[in-house]
Amino acid sequence: MPLISVPAVYDGKKIELLETPPVKGSYRVLVTFVEPTGEAEGPPQDLPRFWSSFGAWKDSRPVEETLEDIHATRHSKTTPPNL
């Protein structure tokens with residue numbers, strides 16, 4: 001089974017998850033202390049807005065047309081340069 005990571009903060013007494021875990025039921029967990037949080041740092045304020053921005057590409061054109069535009073604007077080409 002793959003490991004699932006959820007950000008959290010330890011205040012010296014308890015661990016507070018910063019996101020809802022994507023699992024149900026009881027689980028064994030592994031706690032890894034990454035770095036000190038510092039005094040001014042707190043939980044992210046706009047985490048739902050951040051996650052909702054993923055996959056936000058909107059284009060009414062067909063996928064093939066969008067890919068053609070992307071390939072046409074690339075700086076690296078598949079044809080060798082004229083020397």
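## Briefing: surface patch, aromatic pair and salt bridges

On the surface, a nonpolar patch is formed by Tyr10, Ile15, Leu17, Tyr27, Val29, Val31 and Phe33, which together have about 740 Å² of accessible area. The structure is a predicted model. The chain has 83 residues, of which 2% count as buried. The points below cover the fold, the patch and its aromatic rings, the salt bridges, and the position of one proline.

**Overall architecture**

- The secondary structure of the chain consists of 2 helices and 2 strands.
- Read from the N terminus, these elements follow the order β-β-α-α.
- Strand β1 spans residues 8–10, strand β2 spans residues 15–17, and helix α1 spans residues 47–52.
- The exposed surface of the chain is about 8,600 Å², and 58% of this area is supplied by carbon and sulfur atoms.

**Nonpolar patch and its aromatic residues**

- Three aromatic residues, Tyr10, Tyr27 and Phe33, are among the members of the patch.
- Tyr10 lies in strand β1 and has a relative accessible area of 40%, so this residue is classed as partly exposed.
- Tyr27 is located in the loop between β2 and α1; its relative accessible area is 44%, which makes Tyr27 partly exposed.
- Phe33 also belongs to the loop between β2 and α1, and its relative accessibility of 60% is above the 50% limit, so Phe33 counts as exposed.
- The other patch members are Ile15, Leu17, Val29 and Val31.

**Aromatic pair**

- The structure contains 1 aromatic pair.
- The ring centres of Tyr10 and Phe33 are 5.4 Å apart and the ring planes stand at 80°; the pair is therefore edge-to-face.
- The angle of 80° decides the class because planes over 60 degrees apart count as edge-to-face.
- Tyr10 and Phe33 are 23 residues apart, and their pairing links distant parts of the chain, namely strand β1 and the loop between β2 and α1.
- Both partners of this pair are also members of the nonpolar patch.

**Salt bridges**

- A search of the whole structure identifies 3 salt bridges.
- One of them joins the side chains of Lys14 and Asp11, with an N to O distance of 3.2 Å.
- Asp11 has a relative accessibility of 49% and is therefore classed as partly exposed, as the limit for exposed residues is over 50%.
- Arg61 takes part in a salt bridge with Glu65, in which the closest N and O atoms are 3.9 Å apart; this pair qualifies because the cut-off is within 4 Å.
- Arg61 also forms a salt bridge with Asp69, where the closest N and O atoms are 2.2 Å apart.
- Arg61, Glu65 and Asp69 are thus linked in a network of salt bridges.
- Within this network, Arg61 is partly exposed at a relative accessible area of 30%.
- Glu65 is partly exposed at 37%, and Asp69 is partly exposed at 36% relative accessibility.

**Pro48 in helix α1**

- Helix α1 includes Pro48.
- Pro48 has a relative accessible area of 64% and is exposed.
- Pro48 and Glu19 are 29 residues apart along the chain, while their C-alpha atoms are separated by 9.2 Å.

Terms used: Residues are numbered from 1 along each chain as its sequence is written. This is a predicted model: local features need pLDDT of at least 70, side-chain atom pairs count only at pLDDT 80 or more; totals for chains, interfaces and linings use all residues. Side-chain values use heavy atoms; hydrogens and water are left out. Rings of Phe, Tyr and Trp (its six-membered ring) pair if their centres lie within 6.5 Å; planes under 30 degrees apart count as stacked, over 60 as edge-to-face and the rest as tilted. Helices (H or I, at least four residues) and strands (E, at least two) are DSSP runs, numbered from the N terminus. Buried means under 20% relative accessible area, exposed over 50%, partly exposed in between (1.4 Å probe, protein chains only). Accessible areas come from the Shrake-Rupley method with a 1.4 Å probe; for residues, only the protein chains shown count as cover. Patches are made of residues with over 30% relative accessible area and no salt bridge: like charges are joined within 9 Å, nonpolar side chains (Val, Leu, Ile, Met, Phe, Trp, Tyr) within 5 Å.
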